[in-house]
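Biologist: I have a few labels to check against their definitions. Please show me the structure before we start.
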Amino acid sequence: MAKTILAVDDSSSLRQMVAFSLKAAGYQVVEAVDGMDGLEKAKQQNVDMVLTDQNMPRMDGLELIKLLRELPSYAKTPILMLTTESSDEMKAKGRAAGANGWLVKPFDPQRLIEVVKKVIG
């Protein structure tokens, strides 16, 4: 059974690129338009991994990660950030919120797949 990844980004073109790349590698993808939508979709369906942007309307990636980590079903789910933010300070905030890894946009689809396979197989 294919593993499911929740892709959260307010950019529809980026979400489509991420979803296309992950689906081509055999993963199922649930898309969310921002952190609030991502949280609702995560509550509706358990996923094997979350891939989230940082800067989004309504709820940013750090807040989404904090709220997901409060849910027992997401306490140990891998969460990666895919964002333009690359400062050490922001990465530290991501780790403190509960992020397991960090990828910087623009992303290389092959690198994304390599990282996802390393994290969830």
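Modeller: Start with a cut-off: a residue is buried under 20% relative accessible area. The model is predicted. By that cut-off, the buried residues of H5 are Leu112, Ile113, Val115, Val116 and Ile120.

Biologist: How do you know that the buried residues of H5 line one face of the helix?

Modeller: Look down the axis of H5. The buried residues fall within an arc of 165°, so they line one face. Their cover includes strands S1 (4–8), S3 (49–52), S4 (79–83) and S5 (101–104), along with helix H1 (12–24).

Biologist: What makes the span of H5 agree with the value it should have?

Modeller: H5 has 12 residues, 109–120, and at 1.5 Å a residue it should span 16 Å. Its end C-alpha atoms are 16 Å apart, so the two agree. Just after H5, Gly121 has a positive phi of about 85°.

Biologist: Why is H1 called oblique to H5?

Modeller: The axes of H1 and H5 cross at roughly 60° and come within 10 Å. Roughly parallel needs an angle under 35 degrees, and roughly perpendicular needs 65 to 115. The H1 and H5 angle fits neither, so H1 is oblique to H5. Val18, Ser21 and Leu22 of H1 make the contact with Pro109, Leu112, Ile113 and Val116 of H5. The crossing of H1 and H5 is right-handed.

Biologist: And why are H3 and H4 called roughly parallel?

Modeller: The axes of H3 (residues 61–70) and H4 (residues 88–97) cross at roughly 20° and come within 8 Å. The cut-off is under 35 degrees, so H3 and H4 are roughly parallel to each other. Leu62, Ile65, Lys66 and Arg69 of H3 meet Met90, Lys93, Gly94 and Ala97 of H4 in the contact.

Key: Residues are numbered from 1 along each chain as its sequence is written. This is a predicted model: local features need pLDDT of at least 70, side-chain atom pairs count only at pLDDT 80 or more; totals for chains, interfaces and linings use all residues. Side-chain values use heavy atoms; hydrogens and water are left out. Helices (H or I, at least four residues) and strands (E, at least two) are DSSP runs, numbered from the N terminus. The expected span of a helix is 1.5 Å times one less than its number of residues. Buried means under 20% relative accessible area, exposed over 50%, partly exposed in between (1.4 Å probe, protein chains only). The arc is that of the directions from the helix axis to the C-beta atoms. Contact means heavy atoms within 4.5 Å. Axes are lines fitted to C-alpha atoms, for helices over the stretch in contact, and angles run from 0 to 180 degrees between N-to-C directions. Angles under 35 degrees count as roughly parallel, over 145 as roughly antiparallel, 65 to 115 as roughly perpendicular and the rest as oblique. A crossing is left-handed if the near helix is turned anticlockwise from the far one by less than a right angle, and right-handed if clockwise.
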